[in-house]
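Reader: Please take a close look at the part with the annotated sites and the ligand. I would like one connected account, with each term explained as it comes up.

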Amino acid sequence: MASPLFVLNGPNLNALGKREPGIYGGHTLADIEALCTAEGEKLGFAVDFRQSNHEGDLVDWIHEAGDTAVGIAINAGAYTHTSIALHDAIRAIKIPVVELHLSNVHAREEFRHKSMIAPAVKGVICGFGAHSYILALHALSSITK
Ligand code: DHK
């Protein structure tokens, strides 16, 4: 039986493919969902892949995952840098959370260097484009089995 795993995506990630492709790559979010679903199957995860432009949706989904899933991979988009609510939601659950980013946020503007959620997660992956998602699934596989 595959273990349920949430892959959560925050604001503007629905625009991947047409949004600054030099930074975020040419994959659409649907492409990334397909990659995650396929890799998840290999690793024994049933991937529940979601995106919202609204902070409260992400908070609700983190709580839901805490009750129903074995782990979370999250690209919180710009909420990474601002959201105490996401930090608190992650702290409120017991399952492991991996933070990920397509771009290397540390090689970009200074306001992207700080993550509000990093202190609450198990680990952080950034800079590998769509492959960051695959690396996050492997990280979760290694710590949930
Ligand atoms: C995505 C975003 O939308 C930005 O706000 C972050 C992240 C970086 C990414 O690289 O996936 O700063």
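Author: His101 counts as buried because its relative accessibility is 5%; buried means under 20% relative accessible area, exposed means over 50%, and partly exposed lies in between, with a 1.4 Å probe and protein chains only. The model is predicted, so local features need pLDDT of at least 70 and side-chain atom pairs count only at pLDDT 80 or more, while totals for chains, interfaces and linings use all residues. Residues are numbered from 1 along each chain as its sequence is written, and side-chain values use heavy atoms, with hydrogens and water left out.

His101 belongs to strand E4. Strands (E, at least two residues) and helices (H or I, at least four) are DSSP runs, numbered from the N terminus. Apart from neighbours within four places in sequence, His101 is in contact with Asn75, Thr80, Ile125, Cys126, Gly127, Phe128 and Ser132; contact means heavy atoms within 4.5 Å. Its side chain makes a polar contact of 2.7 Å with the side chain of Glu99. A polar contact is a pair of N or O atoms within 3.5 Å; within protein, one must be able to donate a hydrogen and the other to accept it, and residues adjacent in sequence count only if both atoms are side-chain atoms.

His101 has a partner in the record: an unreviewed UniProt entry lists Tyr24 and His101 under "active site". They span 78 residues in sequence, yet no two of their C-alpha atoms are more than 9.1 Å apart, so they gather at one spot. UniProt positions are given in the numbering used here, feature names are shortened, and annotations may be inferred rather than shown by experiment.

Tyr24 is placed in helix H1. With 10% relative accessibility, Tyr24 counts as buried. Setting aside neighbours within four places in sequence, the contacts of Tyr24 are Leu16, Arg19, Leu102, Ser103, Arg108 and Arg112. One of these, Arg19, meets Tyr24 in a side-chain to side-chain polar contact of 3.3 Å.

The loop between E1 and H1 holds Glu20. Phi of Glu20 is near 35°, a positive value in a residue other than glycine, and at 44% relative accessibility Glu20 counts as partly exposed. Asn12 lies in the loop between E1 and H1. For Asn12, phi is near 75°, again positive in a residue other than glycine, and its relative accessibility of 40% makes it partly exposed. Most residues other than glycine have a negative phi.

The next list from the unreviewed UniProt entry is "binding site": Asn75, His81, Asp88, Leu102, Ser103 and Arg112. These residues span 38 residues in sequence, and the farthest two C-alpha atoms are 24.3 Å apart, so they do not all gather at one spot.

Asn75, one of the listed residues, sits in strand E3 and counts as buried at 3% relative accessibility. Beyond neighbours within four places in sequence, Asn75 is in contact with Leu8, Asn9, Gly10, Leu13, Leu100, His101, Leu102 and Tyr133. A polar atom of the Asn75 side chain lies 3.1 Å from the backbone nitrogen of Gly77.

Arg112 is found in the loop between strand E4 (97-101) and strand E5 (123-126). Its relative accessibility is 16%, so Arg112 counts as buried. Leaving out neighbours within four places in sequence, Arg112 is in contact with Tyr24, His81 and Val105.

Now the ligand. Of the 13 residues around the ligand, Asn75, His81, Leu102, Ser103 and Arg112 come nearest; a residue is near a molecule or strand if one of its heavy atoms lies within 4 Å of it. Three N or O atoms can be followed from here. In the side chain of His81, an N or O atom is 2.7 Å from an oxygen atom of the ligand. In Leu102, a backbone N or O atom lies 2.8 Å from a ligand oxygen atom. In the side chain of Arg112, an N or O atom is 2.8 Å from an oxygen atom of the ligand.

To tie the parts together: Arg112 is in contact with Tyr24, and Asn75 is in contact with His101. The two residues under "active site" in the record, Tyr24 and His101, are thus linked by contact to residues that the record lists under "binding site", among them Arg112 and Asn75.
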